[in-house]
Amino acid sequence: MGKGVRSSILIALVSFVLVLASCAHTTPFKDRMYIQSFGTDGQLVLTVNAQSFDVEEFASENDVTLDSQVQYIADRMTRLSIVLFDRTGEYRDYPANYGALDFDGAIEGNYSKALLNTALKLGGALTEEKGESGLRFFTDEQSGIQAAVPKNGVILFSSSDIEANYEKAFGSAYSDRDADKVISDEKAQKLASSMFGIYVSNPKTMLDIGLDVPQSALENIEYILIMMDTETLSVDFKLKSESLAKSFSVIVKASYVGDLRRDGLPIDFEQLKNQFVQELDMVYIRDLGLTDQQRDAVKAVALQLLDVFKEI
């Protein structure tokens with residue numbers, strides 16, 4: 001092949017990549033959030049609003065190095081969602097041990113399907129495969145983590161079964177806006193409106209976010225909806241009866257007061273009446289200022305999420 005022809009091909013490829021990179025892409029999830037296809041009993045559903053949570057700043061503050069590929073994804077990300085679950089259904093660890101759980105997830109943002117798939121192919125570090133569904137995906141042989149870019153605006157990943165993740169995200173429910181959603185629109189909106197959102201139905205275990213929920217209380221809870229921002233924490237607990245809700249409200253309030261006392265912080269009992277509210281079978285915790293213990297716990301969760309993010 002002549003030098004002129006090689007130069008022409010190179011120029012064409014570079015121009016192609018630059019055009020793709022300059023096009024703006026948004027998430028393909030319009031009428032339903034990605035997380036709404038998940039959230040069956042025991043699954044821990046986490047979603048992060050990347051427009052409120054600065055990944056680069058957080059990594060820098062905690063001496064975490066992001067390589068250029070991770071930096072590219074982080075810069076264009078609008079939302080990161082991870083579903084943690086135990087395929088065996090045992091959920092032995094309390095609080096949850098990330099390393100022992102399987103996961104599916106999605107990164108939403110300004111991503112070109114053609115550009116990222118080309119980059120993954122040319123990288124040479126991943127094995128390209130085509131599944132029974134026709135989905136093309138890439139596997140890291142060392143970690144077993146799989147990734148796919150099935151549409152503009154989203155990167156899917158999984159610890160072991162990317163096709164199952166794809167089917168849940170883009171199966172019949174994706175094309176049918178009236179299909180049943182595991183997480184309702186109301187709950188999904190609450191999760192999406194906060195910096196960190198966590199949902200679990202009939203919990204078998206929990207993440208350590210400094211709430212000190214006794215493991216023995218989990219069997220009495222129908223669902224937990226957690227909304228965290230930089231300085232505050234709000235939680236909706238649905239218990240299995242009104243009497244259980246009354247008892248549980250006393251437990252979590254006493255735990256929080258104990259944390260304040262240990263931190264030497266003032267306690268405003270009148271304010272706590274408005275922040276801990278029990279109504280029928282619901283217990284609402286509203287806009288609690290994070291204690292040092294809770295800040296450390298939230299930071300630990302964020303660091304574990306970042307570890308998963310870096311492996312993708």
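Student: In S6, what is the bridge partner of Thr139?

Tutor: This is a predicted model. Strand S5 covers residues 136–139 and pairs with S6 in the antiparallel sense over two bridges. Thr139 has its bridge partner in S6, and that residue is Gln146.

Student: Which residue in S7 is the bridge partner of Lys151?

Tutor: S6 spans residues 146–151 and pairs with S7 in the antiparallel sense. Four bridges join S6 and S7. The partner of Lys151 in S7 is Val154.

Student: Which residue in the turn between S6 and S7 has a positive phi?

Tutor: S6 and S7 form a hairpin, with two residues between them. One residue in that turn has a phi of about 95 degrees. That residue is Gly153.

Student: What stands opposite Ile107 in S7?

Tutor: S3, residues 102–109, also pairs with S7. The sense is antiparallel, over five bridges. Opposite Ile107 stands Ile155.

Student: How many residues of S7 are buried?

Tutor: Buried means under 20% relative accessible area. On one side of S7, Val154, Leu156 and Ser158 are buried. On the other side, Ile155 and Phe157 are buried too. The count for strand S7, residues 154–158, is five of five.

Student: Which helix lies across S3, S5, S6 and S7?

Tutor: Helix H3, residues 68–76, lies across S2, S3 and S7, at about 105 degrees to S2. Another helix, residues 162–170, lies across S3, S5, S6 and S7. This second helix runs at about 135 degrees to S7. It is H5.

Student: Which strands stand at the edges of the sheet, and why is one side of each without a neighbour?

Tutor: The sheet is open, with twelve antiparallel strands in the order S4-S5-S6-S7-S3-S2-S1-S8-S9-S10-S12-S11. Each edge strand has a single partner strand, so one side of each is left without a neighbour in the sheet. The edge strands are S4 (127–130) and S11 (276–279).

Student: By how many degrees are neighbouring strands of this sheet turned against each other on average?

Tutor: Direction is ignored for this value. The average turn between neighbouring strands is 15 degrees.

Student: Which strand gives the most to the largest nonpolar core?

Tutor: That core has 91 residues. Those with the most contacts inside it include Leu207, Ile226 and Phe248. Leaving aside neighbours within four places in sequence, Leu207 is in contact with residues including Leu44, Leu84, Tyr98 and Val301. With seven residues, the strand that gives the most to the core is S9.

Methods: Residues numbered from 1 in each chain as written. Predicted model: local features only at pLDDT ≥ 70, side-chain atom pairs only at ≥ 80, totals over all residues. Heavy atoms only, no water. Buried < 20%, exposed > 50% of the residue type's maximum accessible area, 1.4 Å probe, protein only. Pairing = 2+ DSSP bridges. Axes fitted to C-alpha atoms, helices over the stretch in contact; angles between N-to-C directions. Contact = heavy atoms within 4.5 Å. Core = buried A, V, L, I, M, F, W, Y, C linked by side-chain atoms within 4.5 Å.
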